[in-house]
Amino acid sequence: MNEPAGISKRDGSRVARRDHAIVPAVSQDGNVIELPYVIAIGASAGGIEAFERVFKEMPKDLAAPIVIIQHFAKDFVADFEQRLSDAIDMDVRMITDGMPLAPNVVFVSPPGYFVELENRRLCLKDRQQQISVYHPINTFFQSIAQQVGAMSIGVVLSGAGSDGTQGGLAIADQNGLVIAQEPSSCRFSAMPQNLVSSGAASITLPPESIGPALERYLRFGESIEAIKDVRLSTTTKTGLPLVYEKLKCSHGVDFHRYKQKTIERRIQRRMCLTGFDSIERYAENLLFDDEETAMLFRDLLIDVTNFFRDIEAFERLRQIILPDLFRFDGSEEIFRVWVCACASGEEAYSIAILIEELIREHDLNLKYQIFATDVHHDSIIRGELGTYAAGQLDGLSDECRERYFHCEGGNYSVVERIRRRIIFTTHDVLSMAPFAHIDLISCRNMLIYLNRNAQQRCLGSFYYALRPAGVLFLGPSESANDYGKEFESLDKRWKIFRRRERDTAPLQLRDQLFDKLAAGQPSLAIKSTSLAPEKLFALYDSLLSEMLPPSVLTSEKLDVLHTFPGAEAFLHIPAGRLSTNLMELIDEQFKSSLQAAVRHAIEHNVVTNYDACTSSGPNEDTVRIIVHPIDSPAFNETHLLIHFDVSAGTQRGTITAETAAPAMVRHIENLEDDLGHSRHNLQVTVDDLHRINNELQVVNDDLIVANEKLQSANEELQSVNEELYSLNGENERQIEKLRRVKLDLDNLLQTTGKGAVFLDLDLDVRFVSRIAAELLSMSATDQMCGLELLRNRLGCPRLHEFILAARDNATKETFEASVDGRCLEVEIAPYRSGDVIDGVTLLISDQ
């Protein structure tokens, strides 16, 4: 045997590989043996088909255990084990807790458990006891990476989600081998694609090539590079897989989803034009001839289109469909159209012209937007240009040409106002998310080239793209009948469908409104002997002017509510927009003292005195500012009464040197107090910002936790969906088996020439074969009748007695009967289900 050449790391470097490093295991007789590698193969949705394709070419003597980790549904994992045993010449075992590894044995994981490799044995961990999301492939891959290091091999096959990516990274970090199924060969490509994107995959292979690659790697010690070199020869057995792979790599389109006979005819046409006599040679040529690949890609897309193709269908759109779709409720929403598979744009421009005609004829104020998409980039470029030869406009009237085109050098270009309404972009409806909130989708003559699964995928995308009651416009040879619950037919001839409204109405929320009634106080009917109100208010003003110093009444925000006599001497009206805020009306020399006094009065709810120095020429006065906080039950806020007391200081013109200095000191103290308050407020603001920041951090942490929980829930739902998909696939196979069994039974009865009637334990007729119905002259309605009709047709009064004897005593009874002149032999025997009698069988033959 050749020495191993080494293992390829993710960064492209090489590490020396040991000569089949040892993994301890236990043989069937209990002796410890040595295993070189552990192979783990994981899959999810679409995995059963992938497993069958892998093991079809898997060598049976790799001298390594193979562990299958699959998102199985509980109901059919045992059936999968049996099917795998029948399909391959290897020992297949269901994993039990503590089961030892063994070479050349396939171990199948049970559903609902995590499998880990511990101390040479396979251990099961109950899924319910795990906190993490159900990612069994990651769990086992990480386990073998930790236990056997570079001798671990991970293979990820078809599946949705990302299970296997983290485990693959763990194996790659230990210099193990990681293989991803080629995404284009998967029913669900997300799992292998995520593995490849992470950089963990050493190589990607189609399922049939994985077994031979493992053999070259394990038995012959070949490097990954050597396996990659021979990959071409393993994928070109027919040539077609390589053609598909080249087209997908170059243009991003998977032609497996198209009808294969059509694709093969187009490829054969290109082979004839280029002189190739075999698909293998043509496929190899595509690897080096990008121009031919582009020509083949263009031919496969069948770019056939023109303006107003099927003019009657477009007239139907113009007269009935589009007017019904337009919203006349004054809404400013844009009318949105999606033209899928637009080719070079003729269909998109045709619909735009229809809309423009309706706007012109009915004087509509309508805004619209058309999205024109195609997988062929060159076609999108031609559509964006909007320039067509004169012959391409043959079906258009002269009036239409003049209104919507202008001639340039013999060609016709669409007018600018229509081109601005259409957005051309490359888009593959089979692999990319659809547009949203679409009113009209036009996809004509594309579905006919797709296989059934791809057609259903497109129709599903169209359903979710359309608004409720939106319209789908298909080609005359296409249909949405498979989505009868989602689409109703508007025109059977021209295949126009409407998206049905949802059956369930939105949740109705009802608010309970409670009226709050304020209880009014009874008024007192007292005869008034007071002065008239206007005289009383005048008296109040006189009293206040004598009793109060100059004052201003303000709100807590210093909005002036009332001024008392004398206050006008301290106020002025600034230029510009008039304001009632006291800080904008007060003289500049009082502002700092007023701010400090108001702040202190509000914070401590006490009467506050601040002195302010004023200057008028060479003389100075001192004005004491007194702020009274006023709290009244009648108001929800505090009011301020601000006095300007000039008597507290020395009269103007009488200030001496001895009194000036103390006044200046008080002014400086006031300024320092004001500065202190400013610092305090700044610190309070900083503290508030810290507190808010901490609260935001807590909220952010909560959002991160909530997002992680949602991601976990999403992955859990994805796992459940994969299990349901696997279960559905298994049910389909079981139905197919039942169909085959029924056909076998029908053919067996047809060959023997005997008719059969099966009765259940209650002696009700369960099944009547076609031959029995003919011999007994029974119609379909008669077959639903009971035993009494059989007795009358056979003319055997003891029929019931014979049947009971066969059922209760497990004996056979035979008698002859005459029906319509024919002599019949009737044999009655018990119907067995295993060892239990489950009914009675009547075999009827024509003598």
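Here are three short exercises on a predicted model, each with a worked solution.

**Exercise 1.** Work out the strand order of the sheet that holds β8, β10 and β11, and find which strands stand at the edges.

*Solution.* Start with the order: the 3 strands form an open sheet that reads β8-β11-β10, with antiparallel pairing. Next, look at the ends. β8 (99-100) and β10 (113-118) each have a single partner strand, so one side of each has no neighbour in the sheet. That puts β8 and β10 at the edges.

**Exercise 2.** Describe how β10 pairs with β11, and say which helix packs on the sheet.

*Solution.* First, count the bridges: 6 of them join β10 to β11 (residues 121-126), and the two strands run antiparallel. Then pick out a pair of residues: L117 stands opposite L122 in β11. Now add the helix. α3 (residues 136-148) packs on the sheet and touches both β10 and β11. The direction of α3 makes about 5 degrees with that of β10.

**Exercise 3.** A343 and D363 both have a positive phi. Locate each one and decide: buried or exposed?

*Solution.* Remember the background first: most residues other than glycine have a negative phi. A343 isn't a glycine, yet its phi is about 55 degrees. You'll find A343 in the loop between β15 (335-340) and α14 (346-362). Buried means under 20% relative accessible area. A343 has 9% relative accessibility, so A343 counts as buried.

Now D363, also not a glycine, with a phi near 55 degrees. D363 sits in the loop between α14 and β16 (368-374). The cut-off for exposed is over 50%. With a relative accessible area of 70%, D363 is exposed.

Technical notes
Residues are numbered from 1 along each chain as its sequence is written. This is a predicted model: local features need pLDDT of at least 70, side-chain atom pairs count only at pLDDT 80 or more; totals for chains, interfaces and linings use all residues. Side-chain values use heavy atoms; hydrogens and water are left out. Two strands pair if DSSP finds at least two bridges between them. Helices (H or I, at least four residues) and strands (E, at least two) are DSSP runs, numbered from the N terminus. Contact means heavy atoms within 4.5 Å. Axes are lines fitted to C-alpha atoms, for helices over the stretch in contact, and angles run from 0 to 180 degrees between N-to-C directions. Buried means under 20% relative accessible area, exposed over 50%, partly exposed in between (1.4 Å probe, protein chains only).
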